[in-house]
Amino acid sequence: MMRFDEKSGNFYCTELGRIASHFYIQYSSVETYNEMLRRHMNDSEVIEMVAHSSEFENIVVREEEQNELEMMARNSCPLEVKGGPSNKHGKISILIQLYISRGSIDTFSLVSDAAYISASLARIMRALFEICLRRGWSEMSLLMLEYCKAVDRQIWPHQHPLRQFDRDISAEITRKLEERGADLDRLYEMQEKDIGALIRYAHGGKLVKQYLGYFPWIQLSATVSPITRTVLKVDLFITPDFTWKDRFHGVALRWWILVEDSENDHIYHSELFNLTKRMARGEPQKLSFTVPIFEPHPPQYYIRAVCDSWLHAEAFYTISFHNLALPEGRTSHTELLDLKPLPVTSLGNSSYEALYKFSHFNPIQTQTFHVLYHTDNNVLLGAPTGSGKTISAELAMLRLFNTQPDMKVCKLIFSVHYKTRRVLSL
């Protein structure tokens, strides 16, 4: 979480440390996540890992709670509970699943423990999502984001998306939709009367169709243009395709934009996009960003837009590399030659020579001396800071003073400040 620089004696916060600090995660929990968190995990393993968090270390197992915990494990826990109710982590796992399932509790001590767990559950899930995202794990990032939303809405990812309208659509209707396997894509294609017949409730078909229009849905399209053989520029166009309602969507919806390579299970770009009510009613929104590409080229990249607050609200677009024309694979820069340094006397003018306190030009100035001081050719010189670019520009100015002494020189200086960020492995 912290990195110590022996030379300067300073401490530097790592990316993992920033995440833990932002979400108030204890260092012992971070140590647990480093041991248990893997690139590929199933749902029950995720819940078990969360149950080992140090934030829940005060939870104890009581004998009088065993019967009710066993009943909860049978009725309200769709995932495997490792260790069972007699185990501390098993008890926490049961209470986590009970919270998402909206189950009821009778024992007062369990009510207290469940409230204690639910108070920290959301931020722990968010922290784990950020950790996976920073590590570039595509599959685990999506899984953890699903569980972030599952905790926020108290709905399991495998349940029907329309359960998120639980105040308006009855549980009986969503239960019938789940039993008949009517997912969102199928419902969008059906007519009101067909939906009513499916759930055996005629008026329910109109209700379901109405709230399908409120479900956040966007369309993606993109154009790709190579900048180099290793960098692609992507122009992504986001078109909302739903009816905005403040009651459900608030003032803005946040969407995670992810570019992933499924073959390597890696995320090459991620950013958070805010979709406002005005944007949803206007023209398609454009996002531009760059992503790396490596050889041998993968068959495709996937662009995924995932809503930060709505389960199953996501869009998908494929970038194919089959017919992508890339620039030639040649070196675009000039190699620095091993030349003997030119003396300042090469200027052939004592007045010019007096301007400089050194005796010889450096390697970059030596290599560019002829073209700058003896020709009128255009030159684009790119070199690191402190490599002598300013003096190289002065050589071109001195050339002008020699050939056209009545002319004036305009010197423009563009100063670009780069904020460097050290990326450390989590």
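## Terms and model

Helices (H or I, at least four residues) and strands (E, at least two) are DSSP runs, numbered from the N terminus. The model described here is predicted.

## The N-terminal hairpin and helix α1

Strand β1 covers residues 2-5 and runs antiparallel to β2, with four bridges joining the two. D5 sits opposite N10 of β2. Four residues lie between the strands of this hairpin. One residue there to look at is G9, which takes a positive phi near 75°.

Helix α1 spans residues 15-22. Its buried residues are E15, L16, G17, I19 and A20. What do they pack against? The buried residues of α1 pack against β2 (10-13), α2 (27-36) and α6. After α1 comes Y24, with a positive phi near 55°.

## The three-strand sheet

Strands of a sheet pair through backbone hydrogen bonds, either parallel or antiparallel. One open sheet here has three strands in the order β3-β4-β7, and its pairing is antiparallel. β3 (218-226) and β7 are the edge strands. Each has a single partner strand, so one side of each is left without a neighbour in the sheet. On average, neighbouring strands of this sheet are turned by 25° against each other, direction ignored.

Now the pairs. Nine bridges link β3 and β4 in the antiparallel sense. V224 stands opposite V234 in β4. Strand β4 (residues 231-240) also pairs with β7, again antiparallel, over eight bridges. There L236 has L287 of β7 as its bridge partner.

Strand β7 runs from 285 to 292 and has two faces. Which residues sit on its covered face? They are Q285, L287, F289 and V291. The uncovered face carries K286, S288, T290 and P292. L287 therefore belongs to the covered face and bridges to L236.

## The four-strand sheet and its helices

A second open sheet has four strands. Their order is β6-β5-β8-β9, and the pairing is antiparallel. The edges are β6 (266-276) and β9 (314-320), each pairing on one side only. Neighbouring strands of this sheet are turned by 15° against each other on average, with direction ignored. Strand β8 (residues 300-307) pairs with β9 over seven bridges, in the antiparallel sense. R304 stands opposite F316 in β9.

Two helices lie across strands of this sheet. Helix α6 (residues 108-135) lies across β5 (252-261) and β6, at about 40° to β5. α6 is also one of the elements against which the buried residues of α1 pack. Helix α7 (residues 138-153) lies across β5, β6 and β8. It runs at about 10° to β8.

## Unusual backbone points

Most residues other than glycine have a negative phi, and most peptide bonds are trans. Several places in this model depart from that pattern. Q154 is not a glycine, yet its phi is positive, about 55°. Q154 belongs to the loop between α7 and α8 (171-179). Its relative accessibility is 25%, so Q154 counts as partly exposed.

R200 is not a glycine either, and its phi is positive at about 60°. R200 lies in the loop between α10 (192-199) and α11 (202-212). Is R200 buried or exposed? Its relative accessibility is 70%, so R200 counts as exposed.

Which peptide bond is cis? The bond from E295 to P296 is cis, with omega near 0°. P296 is in the loop between β7 and β8.

## L326 in its loop

L326 is found in the loop between β9 and α14 (350-353). Why does it count as buried? Its relative accessibility is 19%, and the cut-off for buried is under 20%. Leaving aside neighbours within four places in sequence, L326 is in contact with P226, T228, R229, L232 and H297. S225 is 101 residues away in sequence, but the C-alpha atoms of L326 and S225 are 8.7 Å apart in space.

## The second largest pocket

How much space lies in the second largest pocket? The answer is about 360 Å³. Its lining has 13 residues. The closest to its centre are T334, Q367, T368, L381 and G382. By type, the lining divides into six nonpolar residues, six polar and one charged.

Key
Residues are numbered from 1 along each chain as its sequence is written. This is a predicted model: local features need pLDDT of at least 70, side-chain atom pairs count only at pLDDT 80 or more; totals for chains, interfaces and linings use all residues. Side-chain values use heavy atoms; hydrogens and water are left out. On a 1 Å grid over the protein atoms alone, a cavity is a set of points where a 1.4 Å probe fits but cannot get out, and a pocket is an open set with protein on both sides within 12 Å along at least five of seven lines; lining residues have an atom within 4 Å of a point. Grid points are joined across faces, edges and corners, and a volume is the space filled by probe spheres set on the points. Ala, Val, Leu, Ile, Met, Phe, Trp, Tyr, Cys and Pro count as nonpolar, Asp, Glu, Lys and Arg as charged, and the others, Gly among them, as polar. Two strands pair if DSSP finds at least two bridges between them. Axes are lines fitted to C-alpha atoms, for helices over the stretch in contact, and angles run from 0 to 180 degrees between N-to-C directions. Contact means heavy atoms within 4.5 Å. Buried means under 20% relative accessible area, exposed over 50%, partly exposed in between (1.4 Å probe, protein chains only).
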